[in-house]
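The following exercises concern one protein structure. Each task is followed by a solution that goes step by step.

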Amino acid sequence: MKHRILPIFIPQYACPFNCIFCNQKTISGEKEEVSLDRIKRQIEQGLKINLDEEVELAYYGGNFTAIDIDFQKKLLELANSFERIKSIRISTRPDCIDEERLILLKFYNVRTIELGIQSMFDHVLNACARGHTAQHSKNAMEMIKKFGFLLGVQVMVGLPKSTPEMDIETAKILTSFSPDIARIYPTLVIEGTYLAKMYQKGEYEPLSLNETVERCSQIKSIFIEKGVNVIRVGLQPTEEINYNAKVLAGPFHPSFGELVDSEIIFRKVVERLQDQKFTKVLFIVHPKNYSKFVGQKKSNIKRFKQLFSHAEIEVLCSNEEVDKIRMITESNETVVDISRL
C-alpha cells in the first residue's frame, strides 16, 4: 500500500522556552486550542481521503515529549485507535529526550522522532534562546538511534551569531549520528517574534535569498552524500507565510526547495563539464526536472552560457530517464544523477 503522513499541529504546546525566531501558531496556521476533540476531528477528516493508503500520524509543532504524561498518553492512544494509522511520528526538543520517555514512545507505536536541533554551536543556541546545548542534541540522537527509532533532524540557516561555516559544520556533525531524515529551514523574520523586534531595531540582518539558496544547497548536498533523506527545504507556503502577511523579512520564496535543487543541479553540471573542451553541449532532461534544470526565469541557462560562452548550448526534453541529466559533447557523454534530490 502507499504511505502517507497525516500532520496534526499542536503549535508551541509544552514549549518550555520561547525561541526568538518562533511563532508556531503563525507558521502552522493553527488558531484553535489543543484538545482531544479537535485532534480527533482533524484525524477523521484526514482519513476520509486516499483510502488506499496506510497512514503515519505526525504530531508537529510542539515539544511532544514535554507534554503532561497523561495527556501525552491520550494523544498516542487516540492515534492508535484508528486502524489505518500504522505508526506515529513526533517532533520534540533534544533536552526533552531520555530513556523513560523513549520506552513510552516505543510502547505506543511511535516510529519516527524529529529533533529541533537548529545548530550545533552553543553560542548560536544561546543567542536564539533555545534553552538547550549541542551536547543535549548529541545525547538525544544517540539514544534515539539506540532505541531503534527513525531519527529526524531539523536545522536552520542564517540564525543570529551563526556563519556560513557554522551552518555547514552543523550539517557535517549531524551526519555523523546517521539521521534518517532531515529538514532544512531558512531563518525568516516572522511577526510576533523577538527576532522581529531585533530586526526592527537593526540588531539582526537576515540573509539574502541568493545567500540562503547557496548555503542550503551545500547543506542538502552534505546530507544526500551521507544517505540522509532531505524531506523538506524551506517553509511550506500558506496563507500565513507570505510577504503580504506574517513574514516581515528574510529569504522567503514559495518555491524555495526548487531553487535549492536548481542550484545543486547547476553545480553538479559545472563540475562535470568544467575540465572538458567542447564547442557544443546537448543536455537531455526529463520533463519532470526541466524547470529545476533551467532554473527560475532560465537563470541556470544564463549562467551556463556565461560560464561556457565559447560553446553552443541546447536542451532537449526526453521521457527516457527521469532521474538523470545526460550531457553530450563532441567527444564525450556523461550523466548527472539527480535521483536523491
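**Exercise 1.** In this predicted model, determine whether Thr 334 counts as buried or exposed, and describe its surroundings.

*Solution.*
Step 1. The relative accessibility of Thr 334 is 15%. Buried means under 20%, and therefore Thr 334 counts as buried.
Step 2. Thr 334 belongs to strand 13, which comprises residues 333-337.
Step 3. When residues up to four places away in sequence are not counted, Thr 334 touches Arg 272, Gln 276, Ile 325, Arg 326 and Met 327.
Step 4. With Arg 272, Thr 334 also forms a polar contact between side chains, at 3.2 Å.

**Exercise 2.** Locate Gly 234 in the chain and state which residues it contacts beyond its neighbours in sequence.

*Solution.*
Step 1. Gly 234 is found in the loop that runs between strand 8 (229-233) and strand 9 (247-249).
Step 2. Its relative accessibility is 0%, so Gly 234 counts as buried.
Step 3. Neighbours within four places in sequence are left aside; Gly 234 is then in contact with Ile 184, Tyr 185, Pro 186 and Phe 256.
Step 4. Two of these partners, Ile 184 and Tyr 185, can be sought in strand 6, given as residues 181-186.
Step 5. Glu 258 is 24 residues from Gly 234 in sequence, and the C-alpha atoms of the two are 9.7 Å apart in space.

**Exercise 3.** Explain why strand 5 is described as largely enclosed, and identify the strands with which it pairs.

*Solution.*
Step 1. Strand 5 covers residues 150-157, and seven of its eight residues are buried; therefore the rest of the structure largely encloses it.
Step 2. Strand 5 pairs with strand 4 (residues 110-118) in the parallel sense, over six bridges. In this pairing, Glu 114 stands opposite Gly 152.
Step 3. Strand 5 also pairs with strand 6 in the parallel sense, over six bridges. Here Val 153 stands opposite Ala 182.
Step 4. From strand 5 the chain passes through helix 7 (residues 164-175) to strand 6, a β-α-β crossover that is right-handed.

**Exercise 4.** Which residues touch the most other members of the largest nonpolar core?

*Solution.*
Step 1. The largest nonpolar core contains 61 residues.
Step 2. Within it, Ile 43, Tyr 59, Ile 113 and Phe 223 touch the most other members.
Step 3. Apart from this core lies another, of 21 residues, including Met 156, Met 166, Leu 188 and Val 247.
Step 4. As an example of contacts, Ile 43 touches Leu 6, Ile 8, Leu 57, Leu 78, Phe 82 and Ile 85, with residues up to four places away in sequence not counted.
Step 5. As a general tendency, nonpolar side chains in soluble globular proteins are buried together.

Methods: Residues are numbered from 1 along each chain as its sequence is written. This is a predicted model: local features need pLDDT of at least 70, side-chain atom pairs count only at pLDDT 80 or more; totals for chains, interfaces and linings use all residues. Side-chain values use heavy atoms; hydrogens and water are left out. Helices (H or I, at least four residues) and strands (E, at least two) are DSSP runs, numbered from the N terminus. Buried means under 20% relative accessible area, exposed over 50%, partly exposed in between (1.4 Å probe, protein chains only). Contact means heavy atoms within 4.5 Å. A nonpolar core is a set of buried Ala, Val, Leu, Ile, Met, Phe, Trp, Tyr and Cys residues joined through side-chain atoms within 4.5 Å. A polar contact is a pair of N or O atoms within 3.5 Å; within protein, one must be able to donate a hydrogen and the other to accept it, and residues adjacent in sequence count only if both atoms are side-chain atoms. Two strands pair if DSSP finds at least two bridges between them. A crossover is right-handed if, with the strands pointing away from the viewer, the path from the first strand over the helix to the second runs clockwise.
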